[in-house]
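Here is a short note for a colleague who has not looked at this structure before. Please read it with the model open.

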Amino acid sequence: MDMQDGNVKMTQQTVDRAMNPSDAIERTIRVQTRDVTVHYGAKQALHGISIDIPERAVTSFIGPSGCGKSTFLRCINRMNDTIEGAKVGGTIKLDGEDIYDPQLDVVELRARIGMVFQRPNPFPKSIYDNVAYGPRIHGLTSSKADLDEVVVSSLRKAGLFEEVKDRLNEPGTGLSGGQQQRLCIARAMAVGPEVILMDEPCSALDPIATAIIEELIDELRENYTIVIVTHSMQQAARVSQKTAFFHLGNLIEEGVTEDIFTNPINKQTQDYIMGRIG
Amino acid sequence: MTDSTMTPPRKATKIGDALRRRRNAADLRLRIYGIAAITAAIGLLVILLTTLFLGGYQAFVQTHIRVDFPISADNVDPGDPADGNYRAVVRQAMSALLPDVSTPAETRAIAKILTNNTQFFVRDAVVRDLSVIGGTLTLEVPAADIYDQLNKGTISRETLEENRRVSDQEIAWFDELQAKGAVSTPFNWGLIFNADSRFPEIAGLSGAIVGSFYAILVCFLVAFPTGIAAAVYLEEFAPKNRWTDIVEVNINNLAAVPSIVFGLLGLAVFIQTFGLPRSAPLVGGLVLALMSLPTIIIVTRNALKAVPPSIREAGYGMGASPQQVVMHHVLPQALPGIMTGTILALAQALGETAPLLLIGMNAFITSPRLALWMPPPLCQLRFIFGPIVRNGASLRVHLLAFSSCLHSFSS
């Protein structure tokens, strides 16, 4: 009971301090990983990653292509389970609960940890059905009106509602790239996740759509724990409070975003940020 | 790099001219080939349809003769109408139509102007409506095949009498009937609704059509769900190991097995081992299902492979279970491809002859049950399976049997 009270108080504090990004790291730890390794067959893709992901903040993973940042992201909601021959070692805990526990229901886990992919991938269904799909399969709503409300509020949170409110029954694949990506974000939020993982969400988008999504991420930070993989250092600097630099399957450096970009400790990080490698 | 080694930039125009001409000519040639191919295909189709129609249009009409049958109580007992002397009824009716005929031999001959089954048609009509007993019953009855041929002009009147299948006397009788306005040539519905018969004038395709329909129905009901289930499991759920590799290789090999081998299999397994009846569309359908199963599995797997992985990822990312991802996203996306492949496989199965010959699907069926959709008279399994078991002919097998007869005669 005391613990919980403490948590609540702490959460309250973190909200107050959210104004100051450099304090992000002090927040409650939502996802904790220790010595995470990933093998694809005989090839080792990740060599012991240990990192804490704070709640109600944006954590970004940066690094050159093939450094394992996406692989690591996909470990957090066990998406690597779907890849043939992938083996994950180490521990990953969500709120202190081991997510690789064989007792744990992976379907429930993925409802708690939503994911947005590199390329917008709406289902070839209507905009409404895209957003309603998650609540439907997880049985989150009791009536049609309830479902309507979830769909509208999710689209609103994703900043898409005003643009699509007259054509909710048109296919989601008919939207522009940026709108599709926001639809995917709305779809992920419709099941009420606690953590949202974003795998290079802007890499297929133009600068204007990117700016809109970044703004959206900044807003969502108030209510969600967000992890974003990006290959744009500017984006990491703009949206995140915490940054981790990956290189060749190793976590080289992690810390408050400002520190990483202005005062990196590690030589490799420095080189990458200065544009000398990657 | 020094100036002396530098070549001047090539002029694109000079070389380009010849290249462009060649390219345009190649484009034109390709287009001409295409148009030529389509023209040839259409031309051949027109020739085929024209020969079919010119050779066979007469089969679509049939010579009928309207006859008033006197149903006297002497011949038909109202207490037992099915057991009446209908042969006598037919003779009396024809004698009334052609009053000049007197000798018993001639009376028998004029009865044969009508199809042999006339007595049964009359009997059935009387049983349906007992009120005609004591009065007359007017029916349009198909003429026997030689009179039909005579009427259509395929038996020439100019041929010498001894070379002709109808005598001068018979022609005279027929002309008399025609003069009385009793002869008509309506559309030949019997071609579609009658089954096999020894008498050409009342033979039709119904047995073959019904047999083919039931066989393909059984084939679809067995092969479609099984094929899709197998393909979905192999493609979406099965671990990739040596066993699934073996299964995959075997499925691909089965698709290349000659169809007659499946006929042998059906004969050995369904008929010999399980004791299912010969000539049954149930067995035919099962054999065709085995034959089309590998094709359906292969096309379904390809259709599933063609679904972009991003859709699966999106589903898993939303927390859908593998079953939900397959049923909600992957299968609906793959369905058009699956349907195309299935239709091709079923069309191939429908046209298949060799395996069906081996399980006796060229049976001679005179009483098919057309109506599968009608409720069976009694809720017994044998009534449900009755039509499937009995209607054992296939249209394709009939045609093949027919053409092989022709071949054996000509050689």
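The points below take up one helix of chain A, then chain B, then the contact of the two chains.

1. Status of the model. This is a predicted model, and the remarks that follow should be read with that in mind.

2. Length of α7(A). Helix α7 of chain A covers residues 177–189, which is 13 residues. At 1.5 Å a residue the helix should span 18 Å, and its end C-alpha atoms are 19 Å apart, so the expected and the computed span agree.

3. Surroundings of α7(A). Twelve of the 13 residues of α7(A) are buried, and the helix is therefore largely enclosed by the rest of the structure. The buried residues include G178(A), Q179(A), Q180(A) and Q181(A) near the beginning of the list, R182(A) and R187(A), and also L183(A), C184(A), I185(A), A186(A), A188(A) and M189(A). In chain A, they pack against the helices α4 (127–138), α5 (144–157), α6 (161–164) and α8 (207–220). They also pack against two strands of chain A, β6 (113–116) and β7 (195–199).

4. Chain B as a whole. Chain B holds 16 helices and three strands. It has 411 residues, of which 31% count as buried. Taking the contacts in chain B between residues at least 6 apart in sequence, 76% join residues at least 24 apart.

5. A helix pair in chain B. Helix α10 (residues 259–273) packs on helix α11 (residues 281–305) of chain B at an angle of about 130 degrees, and the axes of the two are 9 Å apart. Roughly antiparallel would need an angle over 145 degrees. The angle therefore makes α10(B) oblique to α11(B). The crossing of the pair is right-handed.

6. Residues at that crossing. From α10(B) the contact draws on S259(B), F262(B), G263(B), L265(B), G266(B), F270(B) and I271(B). From α11(B) it draws on V283(B), L286(B), V287(B), L290(B) and M291(B). By type, the residues of the contact of α10(B) with α11(B) are nine nonpolar and three polar, with no charged residue.

7. Where the chains meet. How many residues does each chain bring to the contact? Chain A brings 18 residues and chain B brings 14. On the side of chain A that touches chain B, α3 (106–112) and α4 each supply at least two residues. Helix α4(A) gives the most to this side, with four residues. The residues of the side of chain A that touches chain B are ten nonpolar, four polar and four charged.

Definitions and conventions: Residues are numbered from 1 along each chain as its sequence is written. Chains are lettered from A and ligands numbered from 1 in the order in which they are written. This is a predicted model: local features need pLDDT of at least 70, side-chain atom pairs count only at pLDDT 80 or more; totals for chains, interfaces and linings use all residues. The expected span of a helix is 1.5 Å times one less than its number of residues. A residue is buried if 20 or more other C-beta atoms lie within 10 Å of its own, exposed if 12 or fewer, and partly exposed in between; C-beta atoms are placed from the backbone. Two residues are in contact if their C-beta atoms, placed from the backbone, lie within 7 Å. Axes are lines fitted to C-alpha atoms, for helices over the stretch in contact, and angles run from 0 to 180 degrees between N-to-C directions. Angles under 35 degrees count as roughly parallel, over 145 as roughly antiparallel, 65 to 115 as roughly perpendicular and the rest as oblique. A crossing is left-handed if the near helix is turned anticlockwise from the far one by less than a right angle, and right-handed if clockwise. Ala, Val, Leu, Ile, Met, Phe, Trp, Tyr, Cys and Pro count as nonpolar, Asp, Glu, Lys and Arg as charged, and the others, Gly among them, as polar.
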